[in-house]
Amino acid sequence: MMDYMKMAAEATIKGMNNKVGGPFGATIVRGDEVIAAVSNTMMRDTDPSAHAEMVAIREACKKLGTMDLSDCVIYATCEPCPMCVSAIIWTGVKEVHYCNTRDDAHDHGFSDMHLRKYLTGEDTSVLNMIKVEKREDCDHLFEHFHKQNEK
């Protein structure tokens, strides 16, 4: 069996050496097939959403031609942040293996604790969410989507 975590770590080192991203990597596997082994690309892409898990998910979805990765497993060098966990759940992945923890990341200046506290309701000062009431230009979008997909 291949060492999928080692592949993620090697992609991370390569990414850091090439100044592509920071100390995070991920491998997505389906059965015995490696679908993607990547580092994060935040620095290269100037993209705060380009975490390793997100990059791996994007590559896997393109390669497989689907947004359903329910038959895949993710190996991440660090515990996924809330954004990555959300994307993982959206794709249907049921299993994630990780090494470093959120506390390890925090100790090294890569904290996502503000996100976690916001999502648990512990700190609502992070973001002010405002519900806009009744907009005709937005209210019909779901119906439009369904009508277009019926064709």
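In this predicted model, the largest pocket encloses about 360 Å³ of space. Its lining is made up of 20 residues, and those nearest the centre of the pocket are Phe24, Met42, His51, Cys81 and Phe110. Helix 2 (42-45), helix 3, helix 5 (102-107) and helix 6 (113-120) are the elements that give two or more residues to this lining. When the lining of the largest pocket is divided by class, 10 residues are nonpolar, six are polar and four are charged.

For the second largest pocket, a volume of about 210 Å³ is obtained, and of the 13 residues lining this pocket, Val20, Val38, Ser39, Thr41 and Arg44 are the closest to its centre. At least two lining residues are supplied by each of helix 1 (4-17), strand 2, helix 2 and helix 3. The lining of the second largest pocket comprises four nonpolar, four polar and five charged residues.

Strand 2 also belongs to an open sheet of four strands, which are arranged in the order 2-1-3-4 with mixed pairing. Strand 2 (33-39) and strand 4 (95-100) form the edges of the sheet, each pairing on one side only, and the twist from one strand to the next averages 15 degrees. Within the sheet, strand 1 (residues 25-30) is paired with strand 3 (residues 72-78) in the antiparallel sense over five bridges, and Ala26 has Ala76 of strand 3 as its bridge partner. Helix 3 (residues 52-64), which lies across strand 1, strand 2 and strand 3, runs at about 140 degrees to strand 2.

Definitions and conventions. Residues numbered from 1 in each chain as written. Predicted model: local features only at pLDDT ≥ 70, side-chain atom pairs only at ≥ 80, totals over all residues. Heavy atoms only, no water. Pairing = 2+ DSSP bridges. Axes fitted to C-alpha atoms, helices over the stretch in contact; angles between N-to-C directions. Contact = heavy atoms within 4.5 Å. 1 Å grid on protein atoms, 1.4 Å probe; cavity = no way out; pocket = protein on both sides within 12 Å on 5 of 7 lines; lining within 4 Å. Points joined across faces, edges and corners; volume = space filled by probe spheres on them. Nonpolar A, V, L, I, M, F, W, Y, C, P; charged D, E, K, R; others polar.
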